[in-house]
Amino acid sequence: MVNRYEKISDWLKTYTPRFSWIYFNVTNSEPGNLSLNSVQNERELDKFIDGSRRVEFLFALDLVKEYDTGTSTINLEANKEFENISEWIEAQNKDKNFPDFGNNIIIEQVDVLETVPSVTTDTQAGMAKYQGQFKITYMEMKGE
């Protein structure tokens, strides 16, 4: 069975500027790190008589950036970087360039669920976490 999170991570590594490493289910507090996080999910939307099913699969991304309590543009630039990742995902969806979930899986679309990321700050450490959720809708064809 294909590890979907590994395939999503591989797909995200094609984003420019590239992330050489994408953390999984851990948010490293170093600026510039990206984390792919599982979300309790995989909701079956439809089940067909041949055993195929249509499924939605959620995941979240955390981007850690420097945070400024003053009036610099650091926070605006960090928010824009998260928006750039979301725009890249929207462009990949439009171009039908999806992660490879393996045989018998046909990805229909990848959606950005939050156009503005939620932000959690650690002002003492000078770091902020920008998080958003995304959804992959796919058809799982009945295997032979």
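Strand β7 is largely enclosed by the rest of the structure, because ten of its 14 residues are buried, where buried means a relative accessible area under 20%, exposed means over 50% and partly exposed lies in between, using a 1.4 Å probe and protein chains only. Strands such as this one, and helices too, are DSSP runs numbered from the N terminus, with E and at least two residues for a strand, and H or I and at least four residues for a helix. This is a predicted model, in which local features need pLDDT of at least 70 and side-chain atom pairs count only at pLDDT 80 or more, whereas totals for chains, interfaces and linings use all residues. Residues are numbered from 1 along each chain as its sequence is written, and side-chain values use heavy atoms, with hydrogens and water left out.

We can begin with the partners of β7. Strands β4 and β7 pair in the antiparallel sense over 14 bridges, and two strands are said to pair if DSSP finds at least two bridges between them. Within this pairing, V55 has Y138 of β7 as its bridge partner, and F59 is matched with F134 of β7. Strand β5 also runs antiparallel to β7, to which it is joined by seven bridges, and here I105 stands opposite E140. A further antiparallel neighbour is β6, residues 118-122, with five bridges to β7, where S118 has Q131 as its bridge partner.

Strands β6 and β7 form a hairpin with four residues between them, and in its turn G126 has a positive phi of about 75°. G126, which lies in the loop between β6 and β7, counts as buried because its relative accessibility is 15%. Leaving aside neighbours within four places in sequence, G126 is in contact with K65, E66 and Y67, contact meaning heavy atoms within 4.5 Å. The C-alpha atom of G126 is separated by 22 Å from that of N25, a residue 101 positions away along the chain.

The next element to follow is β4, which is largely enclosed by the rest of the structure, because twelve of its 14 residues are buried. Strand β2 runs antiparallel to β4 and is joined to it by five bridges, with S38 having F59 of β4 as its bridge partner. Strand β3, residues 43-47, is likewise antiparallel to β4, with four bridges between them, and D46 is the bridge partner of R54. These two strands, β3 and β4, form a hairpin with five residues between them, and G51 in the turn has a positive phi of about 95°.

Strand β4 also contains R53, which is buried, because its relative accessible area is 16%. The side chain of R53 makes a polar contact of 3.0 Å with the side chain of E42, and another polar contact, of 3.4 Å, joins the side chains of R53 and E44. A polar contact is a pair of N or O atoms within 3.5 Å; within protein, one atom must be able to donate a hydrogen and the other to accept it, and residues adjacent in sequence count only if both atoms are side-chain atoms. Not counting residues up to four places away in sequence, R53 touches several residues, including D46, F48, Y138 and E140.

From the strands we turn to helix α2, which has 21 residues and reaches 30 Å from its first C-alpha to its last, close to the 30 Å expected at 1.5 Å a residue; the expected span is 1.5 Å times one less than the number of residues. Its buried residues include F82, I85, W88 and I89, and what covers the buried residues of α2 includes α1, β2, β4, β5 and β7. After α2 comes K96, whose phi is positive, near 60°.

Where do helices and strands contribute to one nonpolar core? Such a core is a set of buried Ala, Val, Leu, Ile, Met, Phe, Trp, Tyr and Cys residues joined through side-chain atoms within 4.5 Å. The largest one has 30 residues, of which I8, L61, I89 and I136 touch the most other members. At least two residues of this core come from each of α1 (4-12), β2 (34-38), β4 (53-66), α2 (74-94), β5 (105-112) and β7 (127-140). I89, leaving aside its neighbours within four places in sequence, is in contact with W11, L12, L61, V110, V112 and F134.
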